[in-house]
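Student: I would like to learn how to read a structure feature by feature. Can we work through one together?
Tutor: Yes. Ask about a feature, and I will give the idea and then the case.

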Amino acid sequence: MKPRVLAVDDDERNLALLMAKLEAEGYELGSARNGFEALEKVHSFRPDIILMDVMMPQMDGYEALRRLKSKEETRYIPVIMLTGRTEIEDKVMGFEVGAEDYIAKPYSLQEVAVRVKSLLRMRLLQNKLRETEKMAALGGMVDGIAHEIRNPLTAIGGLARRLADGETDPQHKAYTERIIKYVERLERMLQRIDEYKKILVSNLKPSDVNEVVMAAVKDIQEYVEGQGKEITVKTALMEGPPPVNLDYGNLKIALFNILQNSVEAIDKKGEITVATSPTIDQTIAVKISDTGSGMTPEEIRKIFNPFQSSKFEGAGMGLTITYRIIQDHSGDIEVESDKGRGTTVTVRLRPASSPSEARNRTI
Ligand SMILES: Nc1ncnc2c1ncn2[C@@H]1O[C@H](COP(=O)(O)OP(=O)(O)OP(=O)(O)O)[C@@H](O)[C@H]1O
Ligand SMILES: [Mg+2]
């Protein structure tokens, strides 16, 4: 998605030049002619950054800035003030009410473009940091709960198994077996939480993606053997793929989780195909298709959410883990599915130092 820039100026000519330049830089542009209009536009357009003239009729730039910075939902949008008055007091005033940057008129459009880019980049990093901190806090909490649950759960499971072993009454036996099933479900959840913790750091090294794919396929073949299903796993790998910056262990887990879902989606008999191929946007695609139960668009929308599962024994963490790993590889993941027919999950990874990766790095 293109970053959105809101340009605010009452001078039509300035506004048109500014917008043309920023549009050419690849941004989505919105405009307003005074402070009032800007405040209204902020809510409908949701800009990532605002360029604001100071001297405007009805409501000047400083007043609009003050109002933006006094509201929680708009205070984090970076604002660059554009003003013809170059006195230092103006600069001070701009920063006092919270402008992130200040450009004196007459300005060069190139300079505006550079400052917009650098502020957007800073905002992206700040957002990432905030997200990481949030996840760390949440992770700490989940970790604490998992720790408290683990020992009592082991005891419940152990005792229930002992009861089930010696039980002759069929009803009691059925009850204890149900207890064991619930315990196993919670154990899988705890195991997934542990896994999530382990994958939090990816050490990327240029490597052969086919090797990781083959290792995940080998693991899934072993897993299939224990499932009592008739599943054929086929591979179609591209020859000599360019090296990809990847973390071998983490990427293998990411692919295994996708494959495991495919196995679980196949009732008794079916097929899973794993293919690697180059794409037109110069990424390497790893495509995993199955002939399993498939999903509705509504179901697809939720699958990356933590603890979202349609299975009794599912923790709903497999794809949350996969998503996180693919993100750490600067890749993306796409799911297509047809209810009753099957699912295809495509992971796209960037070859080491590809042009698109270089482009991303500069944003
Ligand atoms: N290939 C697939 N075919 C059909 N449904 C799928 C497929 N992959 C994922 N899903 C759906 O997405 C949900 C979430 O998957 P996810 O792997 O995150 O959790 P899970 O498999 O339920 O539990 P676990 O944490 O043990 O992996 C699944 O419960 C399932 O409903
Ligand atoms: Mg799963």
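Student: Where does Gln282 lie?
Tutor: In this predicted model, Gln282 sits in the loop that links strand 9 and strand 10.

Student: What should I check in its backbone?
Tutor: Start with the sign of phi. Most residues other than glycine have a negative phi. Gln282 is not a glycine, yet its phi is positive, about 60°.

Student: Is Gln282 exposed or partly exposed?
Tutor: Count C-beta neighbours inside 10 Å. The exposed class ends at 12, and the buried class begins at 20. Gln282 has 14, so it counts as partly exposed.

Student: Which residue other than glycine also has a phi near 60°?
Tutor: Phe307 has a positive phi near 60°. Its place is in the loop between helix 9 and helix 10. Phe307 has 12 other C-beta atoms within 10 Å, so it is exposed.

Student: And helix 9 itself? Which proline lies there?
Tutor: Pro297 lies in helix 9, which covers residues 297-302. Pro297 counts as exposed because it has 8 C-beta neighbours inside 10 Å. Check contacts across the sequence too. Pro297 and Ser337 are 40 residues apart along the chain, but 7.7 Å separate their C-alpha atoms.

Student: How do I read a peptide bond?
Tutor: Look at omega. Most peptide bonds are trans. The bond joining Lys105 and Pro106 is cis, with omega about -5°. Pro106 is in the loop between strand 5 (101-104) and helix 5 (109-166).

Student: Now strands. Is strand 3 mostly covered or mostly open?
Tutor: Look at burial residue by residue, then at side-chain direction. In strand 3 (residues 49-53), five of five residues are buried. Ile49, Leu51 and Asp53 point one way, while Ile50 and Met52 point the other way.

Student: Which strands pair with strand 3?
Tutor: Strand 1 (residues 4-8) pairs with strand 3 in the parallel sense, over four bridges. Strand 4 (residues 79-83) also pairs with strand 3 in the parallel sense, over four bridges. Leu51 shows both pairings. Leu51 is the bridge partner of Ala7, and Leu51 also stands opposite Ile80 in strand 4.

Student: How does the chain get from strand 3 to strand 4?
Tutor: Follow the path and note its hand. The chain runs from strand 3 through helix 3 (residues 61-69) to strand 4, a right-handed β-α-β crossover.

Student: How is the chain divided into domains?
Tutor: Take the bounds, then the spacing. The protein chain has domain 1 (4-107), domain 2 (133-198) and domain 3 (201-362). The centres of domain 1 and domain 2, taken over C-alpha atoms, are 55 Å apart.

Student: Where should I look for a nonpolar core?
Tutor: Find the hubs, then the elements that supply them. The largest nonpolar core has 35 residues, and those with the most contacts inside it include Val209, Leu255 and Ile288. Helix 8 gives the largest share of this core, eight residues. Domain 2 and domain 3 each give the core at least three residues.

Student: What surrounds ligand 1?
Tutor: Read the shell by distance, source and character. Among its 24 residues, Asn261, Ala265, Ser309, Gly314 and Gly318 come nearest. Helix 6 (170-198), helix 8 (248-265) and helix 10 (318-328) each supply at least two shell residues. Helix 8 provides the largest share, four residues. By character, the shell divides into six nonpolar, 14 polar and four charged residues.

Terms used:
Residues numbered from 1 in each chain as written. Chains lettered and ligands numbered in written order. Predicted model: local features only at pLDDT ≥ 70, side-chain atom pairs only at ≥ 80, totals over all residues. Pairing = 2+ DSSP bridges. Right-handed = clockwise from strand over helix to strand, strands pointing away. Near = placed C-beta within 6 Å. Nonpolar A, V, L, I, M, F, W, Y, C, P; charged D, E, K, R; others polar. Core = buried A, V, L, I, M, F, W, Y, C linked by C-beta atoms within 7 Å. Domains from an automatic or database assignment.
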